[in-house]
Amino acid sequence: MKFSFYNEPFEAEGKKYLYNIFSTALIEVDDELFSAVKSDNTANVNTEYIEPMKAMHFIVNDEVDEYEEYLYFYNSVRYGNACKILQVIFIPSYNCNLRCPYCMQGLNKERKTIDDNGISAITNFIQNKVSESRSSGVPISELSIILFGGEPLIAKKSIIKFCETVKETADKLSCRISFSMTSNFTLVDDEVIEFIQRYNITTQVSFDGTKEQHDKSRIGIGGKGTYDVILSNIKRMNDEGLKNNVVVRLNIDKNNIQDAEEIMAAVAPYSNDVYFGFVDKFKGSNDAFSECISNHDYADIIDSQLSEIYKKYGYPIPRPFGKMAPCSLNTENRFIIDSELNVYKCEVIVNHKDTMAGHITKDGFFVPSGSFFSQMGHTPERNPKCLKCKLLPLCGGGCVAKKYIREDKKDGNFSEVDCFMDEETLLKYLKAYAKRQQQ
Ligand code: SF4
Ligand code: SF4
């Protein structure tokens with residue numbers, strides 16, 4: 001037997017802990033076990049600890065190759081279990097009624113909106129995918145439909161029609177179906193409320209800080225702020241019994257972190273799901289925005305400033321060090337489809353023609369581009385650095401899409417990765433988490 005390559009021993013507030021990055025088990029240990037792990041000497045492990053430690057993956061049998069074990073998990077998710085769900089992120093238009101400076105769609109939005117033929121093509125595509133899957137190994141049993149933009153409510157008629165036809169298709173195919181939407185929530189009217197109710201749509205809405213801060217960035221075309229209208233639309237959702245359908249993301253950055261509690265207090269009464277989020281900076285896409293918070297900074301902030309706020313308002317404190325499964329980029333049956341029936345594999349790279357994964361034909365068949373295979377082929381196996389990296393189960397081999405956009409690449413080649421995490425940051429998260437558990 002041997003200690004797991006993915007063990008991370010650490011100390012916090014005078015106590016000793018062991019975390020396993022593969023299994024995500026975290027235990028407090030005595031001095032003897034801690035030094036056995038630190039000195040990599042399994043002979044010093046108390047025999048009664050061995051079986052429980054094996055069960056939590058802190059100890060593995062000599063013949064186990066943990067890198068292969070992680071890859072098995074990774075590949076079985078992307079070509080196995082995850083494929084039972086067909087996820088379609090539908091972009092009816094890249095257009096939006098707002099002009100946020102960090103918008104990935106830039107300030108001059110494309111105005112084209114999907115037409116009825118486009119909606120039929122996507123519905124046919126869904127039908128074809130489900131039918132094909134039923135004669136292959138992993139039948140699709142569930143549809144996950146996400147309305148995205150630009151601003152999806154700017155194309156209200158189209159999204160209503162789309163959801164109606166997709167729901168009929170799901171019923172015909174005996175598939176479960178769920179709907180969600182990311183919206184700026186400024187274009188809410190009676191019809192939208194009824195639409196959200198009918199399809200039980202979970203709607204993600206964002207604020208950019210206090211009213212004063214928000215009204216400087218989430219602005220309409222004429223520069224007018226949108227805080228009051230969004231808050232009043234969320235209150236309306238509460239009045240209509242739809243509080244559970246609103247998820248609120250509070251964007252914090254270097255300019256508003258000191259006001260985090262005030263930001264939370266204003267919104268918390270109106271949603272059961274509120275969390276702090278960060279806007280990322282991508283060269284060439286949202287150059288006007290520069291005040292983002294890095295993952296490294298976040299590790300300090302969550303401990304020193306945000307955890308108390310989460311606790312006070314009754315929301316779970318995020319635990320950003322779990323095991324990472326593959327993302328939509330290289331997982332089967334994940335498609336982002338826009339108004340021109342172009343297909344992308346990741347939200348970060350939509351509307352960049354060089355990253356197009358293919359397109360949908362009028363009769364609903366997916367025709368892949370060369371880049372599709374480069375994107376689907378992204379795995380940690382391609383990167384010798386990941387093979388030797390103990391953070392692999394937490395990072396999943398990094399993000400190729402962010403790397404591609406951050407570096408303003410144009411060649412459709414997705415072989416370089418952005419690391420999600422470094423060991424110092426992980427240790428900060430773990431120590432802060434262990435400290436909170438002691439309180
Ligand atoms: S609301 Fe969203 S889509 Fe519209 S400008 Fe702002 S970030 Fe872009
Ligand atoms: S992308 Fe970076 S952090 Fe992630 S597994 Fe590979 S080397 Fe490690």
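## Lys-311 and its helix partner

Lys-311 is partly exposed, with a relative accessible area of 43%. This is a predicted model. The side chain of Lys-311 meets that of Glu-308 in a salt bridge, 3.5 Å from N to O. Both residues lie in helix 10, which covers residues 295-312. They are three residues apart, about one turn of the helix.

Glu-308 is also partly exposed, at 45% relative accessibility. The class covers values from 20% to 50%, so Glu-308 at 45% falls inside it.

## A second pair within one helix

Helix 6 spans residues 190-199 and holds both Arg-198 and Glu-194. Those two residues sit four apart, about one turn of the helix. They form a salt bridge, with the closest N and O atoms 2.7 Å apart.

How accessible is Arg-198? Its relative accessibility is 42%, which makes Arg-198 partly exposed. Glu-194 is partly exposed as well, with a relative accessible area of 36%.

## A pair that joins two helices

Asp-228 and Lys-211 meet through their side chains in a salt bridge of 3.1 Å, N to O. Asp-228 belongs to helix 8 (residues 227-239) and Lys-211 to helix 7, so the pair ties together parts that are 17 residues apart in sequence. Asp-228 is partly exposed at 47% relative accessibility. Lys-211 is partly exposed at 38%.

What does Lys-211 touch, leaving aside residues up to four places away in sequence? The contacts are Tyr-227 and Asp-228. Lys-211 can also be placed relative to Gly-225. The two are 14 residues apart in sequence, and their C-alpha atoms are 8.5 Å apart in space.

## Thr-210, just before helix 7

Thr-210 lies in the loop between strand 9 (202-207) and helix 7 (211-217). Is Thr-210 buried or exposed? Its relative accessible area is 10%. The cut-off for buried is under 20%, so Thr-210 counts as buried.

Thr-210 touches Tyr-227, Asp-259, Glu-262 and Ile-263, not counting residues up to four places away in sequence. Tyr-227 is thus named among the contacts of Thr-210 and among those of Lys-211.

## Salt bridges along the chain

How many salt bridges does the rule count? The count comes to 22. Some residues are linked in a network. Lys-156, Lys-157, Asp-189 and Glu-191 make up one such network of salt bridges.

## Two domains

The chain divides into domain 1 (2-64) and domain 2 (65-439). Their C-alpha centres lie 36 Å apart. The contact takes 22 residues from domain 1 and 25 residues from domain 2.

Together the two domains bury about 2100 Å² between them. Of that area, 61% is on carbon and sulfur atoms. Which three residues supply more than any other three of the area that domain 1 buries against domain 2? They are Tyr-6, Ile-21 and Phe-22, and they supply 30% of it.

## Polar links across the interface

The rule finds one salt bridge across the interface of domain 1 and domain 2. Glu-8 and Lys-390 have side chains that meet in a salt bridge, at 3.4 Å from N to O. Glu-8 falls within the bounds of domain 1, and Lys-390 within those of domain 2. Between the two domains, 12 residue pairs are in polar contact, both residues being at pLDDT 80 or more.

Which elements give two or more residues to the side of domain 1 that touches domain 2? They are strand 2 (7-12) and strand 3 (15-20). Strand 2 gives the largest share, six residues. By type, the residues on this side of domain 1 divide into 13 nonpolar, four polar and five charged.

Notes. Residues are numbered from 1 along each chain as its sequence is written. Chains are lettered from A and ligands numbered from 1 in the order in which they are written. This is a predicted model: local features need pLDDT of at least 70, side-chain atom pairs count only at pLDDT 80 or more; totals for chains, interfaces and linings use all residues. Side-chain values use heavy atoms; hydrogens and water are left out. Domain bounds come from an automatic or database domain assignment. Contact means heavy atoms within 4.5 Å. Buried area is the accessible area (1.4 Å probe) that two parts lose on being put together, summed over both. A salt bridge is a side-chain nitrogen of Lys or Arg within 4 Å of a carboxyl oxygen of Asp or Glu. A polar contact is a pair of N or O atoms within 3.5 Å; within protein, one must be able to donate a hydrogen and the other to accept it, and residues adjacent in sequence count only if both atoms are side-chain atoms. Ala, Val, Leu, Ile, Met, Phe, Trp, Tyr, Cys and Pro count as nonpolar, Asp, Glu, Lys and Arg as charged, and the others, Gly among them, as polar. Buried means under 20% relative accessible area, exposed over 50%, partly exposed in between (1.4 Å probe, protein chains only).
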